[in-house]
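Me: I'd like to learn how to read a buried charge, and then how two copies of a chain relate. Can you walk me through it?

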There are 2 protein chains.
Amino acid sequence: MDHTLAAEPTHSVWDRSLAPRLRVAPGDEVQIECKDSSGGQVGPHSTIQRFLAIDRTRIHALTGPIWIEDAKPGDVVEIDVLATRHCGWGWSSVLEGLGFLKDRFHTPHLFLWNLEGEVTRSLFPAVVPLRPFLGVMGVARAEDGAFRTRPPGHFGGNLDVRELCAGSRLYLPVFNEGALFSCGDGHAAQGDGEVCINGIECPLDVTLRFHLHKQQPLAGPIVEASEEIAPDSTADAWVVVESGTDVAATARAATGRVIDLLVSRWGFDEIHAYILCSVALKLRLSQVVNEPMFTVSAALSQQILPRRRLFPAG
Amino acid sequence: MDHTLAAEPTHSVWDRSLAPRLRVAPGDEVQIECKDSSGGQVGPHSTIQRFLAIDRTRIHALTGPIWIEDAKPGDVVEIDVLATRHCGWGWSSVLEGLGFLKDRFHTPHLFLWNLEGEVTRSLFPAVVPLRPFLGVMGVARAEDGAFRTRPPGHFGGNLDVRELCAGSRLYLPVFNEGALFSCGDGHAAQGDGEVCINGIECPLDVTLRFHLHKQQPLAGPIVEASEEIAPDSTADAWVVVESGTDVAATARAATGRVIDLLVSRWGFDEIHAYILCSVALKLRLSQVVNEPMFTVSAALSQQILPRRRLFPAG
C-alpha cells in the first residue's frame, strides 16, 4: 500500500478550490476510509427518530480530494477498484418526498442490516448477496463554485452504478490540474435504480489504484466491469454511463456513446455498431432517484468483441 | 407433441374476432412455426432495394390465434417456452424515421446474419451468442376492433423482452374466452432496448406448453426466467414487464408491481418490499423503439427469495 487516507474531515460538495488531502503518483495504491453516506450520523443501533434529525447537508460525506500528480485537463484518470471491506452493518431508509415511489411511500422508515461475509443476515424474508461498491467516485468539476453532490455528471460523482465493485475500473475525464478525486457513499449491495433512495448504505474501506491516460478523448464515465468479481450479467463488460433529466434522451445518449466507442476503438462501421447495439447492448436504469438526474448504463459484454484496451497502452 | 401449427395464414393485428386456427387443452404442447417479422418477405439473399419495397402492414406476421379450452376472462395463461429452433439466417435493418437514434441514422440498411448453432457468423467484427425468443407473444385484447401489433400492453404482445428464451415462462392475463393466443417476431438475439428497431429477425419454430391458472390476479405480463437456459443476469429471475409512453413512469409502475408481488405472494411488509427492490431489483429498458410505447423489465433473482410458485399449484 502506497498511501492511506482517513475519512475525516469529509466534504459534501464538488468544489475545485478544496485543498487536496493527499498527493499520489499514477500507479499508486491508496487505502481509503469512507464513512457511510450520512457521514457517521447513522449507526448500527440508530432509531428512526435519531435518523430524522441528522444533518442532511452532510450527505454524501466524501473522502478526498486526492491530487493525482501530472493530471491535466484533457487526460483520463483510470480508477481500479482493488478491494472493498464493509464493517458488518448497513442501513436503508425511506423518507417522505424522496424515492422513485414517493407517491406511495410517505412514512419515514429506517432499516438496519447485518452483513455477514458476502450476504445479508437480517429480519428480512430475503438474503441478498453483497457486492460492495462506492456510489460516488468523481473528480472536481470544471466550473468554479461549490456544487451539491447529488446530481451525477460527466465528472462521475453520484453514479450509483452497481457494476463498480472490486475488480472493476472506472474511467473519468479530468477537468482540473491534479484531477482532485473524491469518493464515498458505500453500498454493500444495490439494485438498478436504487428505487427507495438508498442501497445498503454502509461505511466502506476501499483500495483504489490510479492511472493516467494522457490527452485521450472521453465524453463521460465508462466502467470496465470485472468477470471474476461480478459473476452476473455485468461480468466482463464495457459499460457507458450517462446521466440526464430525461430517461429516454439519456439512454439515447448512452447508446450513441457506445457506438462512438465501437467506431473509434474497434474500427466498426457506424451502421454496424448501431446494429450490434440493437442485438447485444444491455440498457439499465442505474439510478432513478437522484432527481432531477437519471443515470443509464449501456453495457456490452467484452466477450463478443476482439480483446482490446480502452486506451492505447502508454 | 400434441399439436403443430403452420405459420400461414399469418395475421398482423390483435383482433378478438379472428377465428381460432387451433384448439388446445391446458397442459398441451404445441409446435408452432413462426415466419420472420416480415412474414417471409425478407430472405437470406434479400437486397436493400427489395427490403424497401416490402409491405410493412404485414409486420409482425403472427401465427395464431390459438384457443385455449376453458380459458375465461380473469384467468391467467402460463406459456412455457420449451424449445426454439432458428433456420440458420436472420436480418437486421435500419430505416429512416425509425429506431432509437433516428436523428443520427437516416440511410436505410439491411444486414444479413449467418447463424451457426449458438453464435452468429457474419461479416461483422463481433460474435454474438444466440438466445432465440419470440418478440411477440400475446392474447387478444379486451376491446373490439383490429389493433396494430406494434404497441405492447398488459395483454403481452410486442414485448421484446429478451429473457423469454427457451426455459422461461410467460404469464399473461386472459381477457376473452379461449384467451386467443398468437405469437411471432422471432429474434435469434436481441439487446435491451432493441435500439436500431430490430433484433436478429429470423424465422423461428417454437415449442410452447400452455397452462391455465383460474381466476388469479395479474396486472400485466410476468416472466419467470430460467437458470439453465439463460446463464446471465436474468437467470432464475422474476421479471415484471410494464409498457408505457413515459420511461420513468413505466419503470415506476413496474417497480410498484414487483412490490405488489412480494407483498401478495411472499408476504412482505410493503415497506420491506420497497427496500428490497432498492437493493436488489434490476431495471432494464427492454425496448425503446416501439413508439410511443417503451417497455421496462424489473427483475428480481429467484435466489434471494424463498422458493415459491407465482400462483398456488392447482
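Reply: Sure. A residue counts as buried when its relative accessible area is under 20%, and a salt bridge needs a side-chain nitrogen of Lys or Arg within 4 Å of a carboxyl oxygen of Asp or Glu. Keep in mind that this is a predicted model.

Me: Which side chain of opposite charge is nearest to B:Glu201, and how far away is it?

Reply: That's B:Arg56, at 8.9 Å. A salt bridge has to be within 4 Å, so B:Glu201 is buried without one.

Me: What does the side chain of B:Glu201 make a polar contact with, then?

Reply: The side chain of B:Ser37, at 2.7 Å. B:Glu201 itself sits in the loop between strand 14 (181–187) and strand 15 (204–213) of chain B. Residues it touches beyond four places in sequence include B:Trp89, B:Gly90, B:Trp91 and B:His187, along with the acidic B:Asp185 and B:Glu194.

Me: Now the copies: how is chain A laid on chain B?

Reply: In general, two copies of a chain are related by a rotation about an axis and a shift along it. Here the turn is 180° and the shift 0.0 Å, with an RMSD of 0.0 Å. The two copies are therefore related as by a two-fold rotation axis. The same surface serves both, with 98% of chain A's contact residues recurring in chain B.

Me: Where does pLDDT stay under 50 in chain A?

Reply: Over residues 228–234. Where pLDDT is low, the predicted coordinates shouldn't be read in detail. The model does have 19 contacts beyond four places in sequence for that stretch. Chain A has a mean pLDDT of 90, with 96% of its residues at 70 or more, and the predictor gives the complex an ipTM of 0.84 and a pTM of 0.88.

Methods: Residues are numbered from 1 along each chain as its sequence is written. Chains are lettered from A and ligands numbered from 1 in the order in which they are written. This is a predicted model: local features need pLDDT of at least 70, side-chain atom pairs count only at pLDDT 80 or more; totals for chains, interfaces and linings use all residues. Side-chain values use heavy atoms; hydrogens and water are left out. Helices (H or I, at least four residues) and strands (E, at least two) are DSSP runs, numbered from the N terminus. Buried means under 20% relative accessible area, exposed over 50%, partly exposed in between (1.4 Å probe, protein chains only). A polar contact is a pair of N or O atoms within 3.5 Å; within protein, one must be able to donate a hydrogen and the other to accept it, and residues adjacent in sequence count only if both atoms are side-chain atoms. Contact means heavy atoms within 4.5 Å. pLDDT is the predictor's confidence in each residue, from 0 to 100. Copies are superposed by least squares on the C-alpha atoms of residues with pLDDT of at least 70 in both.
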